[in-house]
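Here is a colleague's note to read beside the coordinates. Please keep the sequence numbering at hand while going through the points.

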Amino acid sequence: AEYMGTSKNLMATPRKVLPTNVKPSNYKLRLEPDLEAFTFTGSELVTLTVSEATSSIVLHAKNLRVVRAWLVGADGVETAAVDHSIDAESQRLTVNFATPVAVGTAVFGLEFEGILNDAMAGFYR
């Protein structure tokens, strides 16, 4: 297990490490807050290096509603996700595709919505 913390922190906090078969190399992120309703919409495009074919992409997410997820493979073909699930405890979003993502470079896209909270975590007010 991997841990993070300082010598002052005797209770080490376990890191929630993502799978290593898909590695991000570039992020393009757009966030549009609504400061009256305390909500936001956003999207991201993430350039990925896939070292082992996989039918799912796993990333960290907390208190988000996924609107749409897709992948553009090295062949330039866009594939929509078939479904997704969020594990609130581990703060992980798993996005599933009908066919495996091939080894090589791909671009993962995600559109999402969320709440501007006052919990000092994520995108907060």
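The points below go from the overall fold to single residues.

1. **Status and overall make-up.** The model under discussion is a predicted one, and every remark in this note should be read with that in mind. The protein chain has 10 strands and 0 helices, so that its pattern, read along the sequence, is simply β-β-β-β-β-β-β-β-β-β.

2. **Burial, surface and contacts.** Of the 125 residues in the protein chain, 24% are buried. The accessible surface of the chain comes to about 8400 Å², and carbon and sulfur atoms account for 55% of that surface. Among contacts between residues at least 6 apart in sequence, 66% join residues at least 24 apart.

3. **The five-stranded sheet.** An open sheet of 5 strands has the order 3-4-10-6-7, and its pairing is antiparallel. Strand 3 and strand 7 (78-80) are the edge strands, each of them pairing on one side only. From one strand to the next, the twist averages 20°.

4. **The hairpin of strands 3 and 4.** Strand 3 (residues 22-34) and strand 4 (residues 39-50) run antiparallel and are joined by 12 bridges. Within this pairing, lysine 28 stands opposite leucine 45, a residue of strand 4. The hairpin has 4 residues between the strands, and phenylalanine 38 takes a positive phi near 55° there.

5. **The pairing of strands 6 and 10.** Strand 6 (residues 64-72) and strand 10 (residues 104-115) also run antiparallel, with 8 bridges joining them. Arginine 68 has glutamate 111 of strand 10 as its bridge partner, and the side chains of these two residues meet in a salt bridge as well, at 3.7 Å from N to O. Glutamate 111 lies in strand 10 and arginine 68 in strand 6, so the salt bridge ties together parts that are 43 residues apart in sequence.

6. **A network centred on three charged residues.** The structure holds 4 salt bridges, and a network of such bridges links Arg68, Glu78 and Glu111. Glutamate 78 forms a salt bridge with arginine 68, their closest N and O atoms being 3.4 Å apart. That pair links distant parts of the chain, with glutamate 78 in strand 7 and arginine 68 in strand 6, 10 residues apart. As for exposure, glutamate 78 counts as partly exposed at 49% relative accessibility, arginine 68 is partly exposed with a relative accessible area of 35%, and glutamate 111 is partly exposed at 28%.

7. **A further salt bridge.** Glutamate 32 and arginine 30 form a salt bridge in which the closest N and O atoms are 2.6 Å apart. Glutamate 32 is partly exposed, having a relative accessible area of 45%, and arginine 30 also counts as partly exposed, with 33% relative accessibility. Side chains of opposite charge can pair when their charged atoms come close.

8. **A buried glutamate that deserves a second look.** Which side chain of opposite charge is nearest to glutamate 44? That side chain is arginine 30, which is 11 Å away, and glutamate 44 is buried yet has no salt bridge. The cut-off for a salt bridge is 4 Å between a side-chain nitrogen of Lys or Arg and a carboxyl oxygen of Asp or Glu. Glutamate 44 lies in strand 4. Leaving aside residues up to four places away in sequence, glutamate 44 touches Tyr27, Lys28, Leu29, Leu59, Phe108, Gly109, Leu110 and Phe112.

9. **Positive phi values in two loops.** Asparagine 63 is not a glycine, although it has a positive phi of about 55°. Asparagine 63 lies in the loop between strand 5 (54-60) and strand 6, and it counts as exposed at 56% relative accessibility. Glutamine 91, which is not a glycine either, has a positive phi of about 55°. The place of glutamine 91 is in the loop between strand 8 (83-87) and strand 9 (92-101), where glutamine 91 is partly exposed with a relative accessible area of 30%.

Methods
Residues are numbered from 1 along each chain as its sequence is written. This is a predicted model: local features need pLDDT of at least 70, side-chain atom pairs count only at pLDDT 80 or more; totals for chains, interfaces and linings use all residues. Side-chain values use heavy atoms; hydrogens and water are left out. Buried means under 20% relative accessible area, exposed over 50%, partly exposed in between (1.4 Å probe, protein chains only). Contact means heavy atoms within 4.5 Å. Accessible areas come from the Shrake-Rupley method with a 1.4 Å probe; for residues, only the protein chains shown count as cover. Two strands pair if DSSP finds at least two bridges between them. Axes are lines fitted to C-alpha atoms, for helices over the stretch in contact, and angles run from 0 to 180 degrees between N-to-C directions. Lys and Arg count as positive and Asp and Glu as negative; His and the chain ends are not counted.
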